[in-house]
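The report below covers selected local features of one protein chain, beginning with its cysteines and ending with its backbone geometry.

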Amino acid sequence: MAVSMGRVLNTAPVNLARLMVLPEVAELLPREVAHNYKVVPISRLENKLFLAMADPLNVLAIDDVKRITKLEIMPLIAPERAIIDKLNAIDAAKSGSMEDIINDAQRVADDESDADNLEVAKEAAEEVNLDQLAASSEEAPVIKLANLILVQAIKDRASDIHIEPFEKMVRLRYRIDGSLIDMTPPPKQMQLALASRLKIMSSLDIAERRLPQDGRMRVKVGGKDFDLRVSFLPTVHGEKAVLRVLDKTNLSASIDKLGLDADTFQQFKNAVDAPHGLILVTGPTGSGKTTTLYSALNELNNPMFNIVTVEDPVEFQVPGINQVPVKKEIGLTFANALRSILRQDPDIIMIGEIRDTETAEIAVESALTGHQVLSTMHCNDAAGAIARLDDMGIAPFLISSSVILTCAQRLMRRICAHCKEPVTYAPKMYQELSIDPSIFDGITLFRGRGCERCKNSGYAGRLAIIEAMSITDEVRKLIIARANTREMGKVAIGQGMRTLRMVALDRVKEGVSTLEQVLVLTSAH
């Protein structure tokens, strides 16, 4: 687009992603002006300034930049998105690296070593001066450090940020694609001020350091809003902070964007479109269950339905859906909230998680009385959800009448597109997986070699793999007869259910993931 416009306007296009802008050139133009006009100073040649612009016809912008820099402007054209990305990269570079912040903090510490010793003594006596703590959390190095930690985490696509205090150090780790990765640690002497800064950003009490605290904050990075769920936990050496990054862009607009195979998609679609019944999504913590349920809710979200959710806590705030957060400390449990919700004339109810018999009973009753109910549970496979409800004391005939679909979900790591290469596996790998190597005849398998972009892991991003079991008449008979999960699973497979193992192997055949991921995530059925 930029190239075509450039030809029409007789302006040369420029690829900003491949250009390095020197700090002295970037500083020729104030940040606000560059962002306002969407322009990037690229290079200076004597009295000429080469300027990348989204709109080279913007005479006001050219005149303003000329007036500020006192240079002749040579406009070049670039896509608006590329200009915004480059300006954000320049801003991030200006905010400094962890090393710069550590050096700044070290200089402050050297200048105020006496005050620092006094601070430690006070802390030991649990009598930290609150005014001093609030002031230290507003100092430039602390604000820079907090911002750097958040921006870097979002850039690296981290789902969680862990800040862990130990006796002589503070450890910083990001969870990226399910794995915890160590980052450059912040300085120990900034531990208290950093915790206070994060608390102020989350509207929490900086004076309370002996009890756990939970809060939320919203930050803007690269023009996008990110919600963060913040949790503080007192440990022997101070407060451990964990920040969960909630990226709304991960929410699929509908279930057809979840990447399901045709049969699983049809089963899921039929269940979501059913007028009433209970849909259960199971899997371990962090397997994307909530995201899947929200994708289903997005599909159903229209003014014809009254949709109410009860969650602990509310992760994604969605317009058009009434969301109720659980507050156990004041007696608002899942069960109590659900009783009130049923008096609110709901059509569709989402329960964050069925954890106890009382919640399970209300969910089953709601499904039987004409409501559509979506919820999550913790168990290993789709058939396991039925056994879990039975363990909770729900009568088998109620389970068979209310449940219409159970799913098991995992998140499988994708091969990094930048270092993808063919791979040949040793026979031992197939033995460990208990699979016949001949299923890959004529198919090239891939892995990630590891590069700078994927932090040498060979993986970048994750995709959902889902095993869906529709509750057919044959499965209903087995539920009433209290058959074991293996038997139920066999019947479901006979009726076309694709297990997690089968779906994962399909992704390997497609060259999207690796056999190692199949081994880690699935068990042989």
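The sulfur of C451 has its closest cysteine sulfur in C454, at 3.7 Å, which is too far for a bond. A disulfide would require the two sulfur atoms to lie within 2.5 Å. The model is a predicted one, and by this rule its count of disulfides comes to 0. C451 counts as buried because its relative accessible area is 15%, under the 20% limit. C379 is also a buried residue, with a relative accessibility of 13%.

**Nonpolar cores**

The largest nonpolar core contains 39 residues. Those with the most contacts inside this core are V310, I351, I386, L389, M469 and M488. Leaving aside neighbours within four places in sequence, M488 is in contact with A383, I386, M469, V475, L478, I479 and A483. Another core, of 31 residues, lies apart from the largest one and includes A153, V170, Y174 and V230. As a general background, nonpolar side chains in soluble globular proteins tend to be buried together.

**Helix α18**

Which residues of α18 are buried? In this helix, which spans residues 473-480, they are V475, L478 and I479. These residues lie on the same side of α18, because they cover an arc of only 105° around the axis. D473, K477 and I480 are exposed on the other side of α18. The buried residues of the helix pack against α15 (384-391), α16 (396-402), β18 (459-470) and α19 (485-494). Just after α18, R482 takes a positive phi of about 55°.

**The sheet β1-β2-β3**

An open sheet is formed by 3 strands in the order β1-β2-β3, with mixed pairing. Its edge strands are β1 (39-45) and β3 (72-77), each of which pairs on one side only. Neighbouring strands of this sheet are turned against each other by 25° on average, direction ignored. The pairing of β1 with β2 (residues 48-53) is antiparallel and runs over 6 bridges. S43 has F50 as its bridge partner in β2.

S43 also provides a reference point for M20: the C-alpha atoms of M20 and S43 are separated by 9.4 Å, with their positions 23 residues apart along the chain. M20 is placed in the loop between α1 (2-9) and α2 (23-26). Its relative accessibility is 70%, so M20 counts as exposed.

**Backbone geometry in loops**

Most residues other than glycine have a negative phi, and most peptide bonds are trans. The table lists two residues with positive phi.

| Residue | Phi | Loop | Relative accessibility |
|---|---|---|---|
| E46 | near 50° | between β1 and β2 | 70% |
| K70 | near 60° | between α4 (59-69) and β3 | 69% |

E46 is in the loop between β1 and β2, and it counts as exposed. K70, in the loop between α4 and β3, is exposed as well. Neither conformation belongs to a glycine: phi is positive in E46, a residue other than glycine, and likewise in K70.

Where is the cis peptide bond that involves P313? This bond joins D312 and P313, and its omega is about -10°. P313 itself is located in the loop between β11 (307-311) and β12 (322-325).

Key. Residues are numbered from 1 along each chain as its sequence is written. This is a predicted model: local features need pLDDT of at least 70, side-chain atom pairs count only at pLDDT 80 or more; totals for chains, interfaces and linings use all residues. Side-chain values use heavy atoms; hydrogens and water are left out. Two strands pair if DSSP finds at least two bridges between them. Helices (H or I, at least four residues) and strands (E, at least two) are DSSP runs, numbered from the N terminus. Axes are lines fitted to C-alpha atoms, for helices over the stretch in contact, and angles run from 0 to 180 degrees between N-to-C directions. A nonpolar core is a set of buried Ala, Val, Leu, Ile, Met, Phe, Trp, Tyr and Cys residues joined through side-chain atoms within 4.5 Å. Buried means under 20% relative accessible area, exposed over 50%, partly exposed in between (1.4 Å probe, protein chains only). Contact means heavy atoms within 4.5 Å. The arc is that of the directions from the helix axis to the C-beta atoms.
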